[in-house]
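Trainee: I am new to this structure and should like to understand the reasoning behind the terms applied to it. May we examine it together?

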Amino acid sequence: MTSTFLTGHPFGTSITEQTLQEQFEPLSQWEEKYRQIILLGKQLPPLPAELKQASIEIAGCENRVWLGHTRQADGTLHFYGDSEGRIVRGLLAILLTAVEGKTAEQLLHQDPLTLFDTLGLRTQISASRSQGLDALAAAVLQAARES
C-alpha cells in the first residue's frame, strides 16, 4: 500500500494548520465555514475501492468513512482516508492536516481535534458529526499506539 495515491494528499504538507487558520479566520458565518469545509474535502483524493476495506472503516460516523495509515521509514505516520459525505470529507481533510507526518509519540501527546477548536468548528457541528470526529480521533490514537 505504498502507491503514489497514498502520498498524494496536500493535508499536513502544503495545507498546514497555519494555512487553515488563515483561511478560516475571516469567516464569521457558519455557512462560510461550511463552504470552506466542503472545498477542503474536494481536495482530498478519492480512496480507490480496493482500499475501502472494513478494517479501516470507522464506526460511529454519520457517513461511511475510512482512515488508514502507514508508518514511514523516518518513523512518522502517513494517514489517508475518504468519506461518502461532502462535509465528512472536509472534516477528514482538517483532521489529516493536524495529524499527517507526526510521530506516534507526538500524536499520543496531543488531542488530534485541537485544530477543530482553533478553527471554531467543534462547537458548531452536530452531535452525530461530533461523535464521528471522536471516533476518528480515537482511530488516530490507536494507530499511534500500534506503531
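Trainee: Which residues line the largest pocket?

Mentor: In this predicted model, the lining consists of S55, I56, I58, L67, G68, H69, F79, A139, V140, Q142, A143 and E146. Helix α6 supplies the largest share, 5 residues. The space in the pocket is about 160 Å³.

Trainee: What makes K102 and E17 a salt bridge?

Mentor: The rule asks for a side-chain nitrogen of Lys or Arg within 4 Å of a carboxyl oxygen of Asp or Glu. The closest N and O atoms of K102 and E17 are 3.4 Å apart, so the pair meets the rule. K102 belongs to the loop between α3 and α4, and E17 to helix α1, so the bridge ties together parts 85 residues apart in sequence.

Trainee: Why is K102 called buried, and why is E17 called partly exposed?

Mentor: Buried means under 20% relative accessible area. K102 has 17% and is therefore buried. E17, with 28%, lies between the limits of 20% and 50% and is therefore partly exposed.

Trainee: How do you know that K52, D82 and R89 form one network?

Mentor: K52 forms a salt bridge with D82, the closest N and O atoms being 3.6 Å apart. D82 also forms one with R89, at 2.1 Å. Both distances fall within 4 Å, so both pairs qualify. The bridges share a partner, and K52, D82 and R89 are thus joined into one network.

Trainee: Is D82 buried or exposed?

Mentor: D82 is buried, because its relative accessibility of 2% is under 20%.

How values were computed
Residues numbered from 1 in each chain as written. Predicted model: local features only at pLDDT ≥ 70, side-chain atom pairs only at ≥ 80, totals over all residues. Heavy atoms only, no water. 1 Å grid on protein atoms, 1.4 Å probe; cavity = no way out; pocket = protein on both sides within 12 Å on 5 of 7 lines; lining within 4 Å. Points joined across faces, edges and corners; volume = space filled by probe spheres on them. Helix = DSSP H or I, 4+ residues; strand = E, 2+ residues; numbered from the N terminus. Buried < 20%, exposed > 50% of the residue type's maximum accessible area, 1.4 Å probe, protein only.
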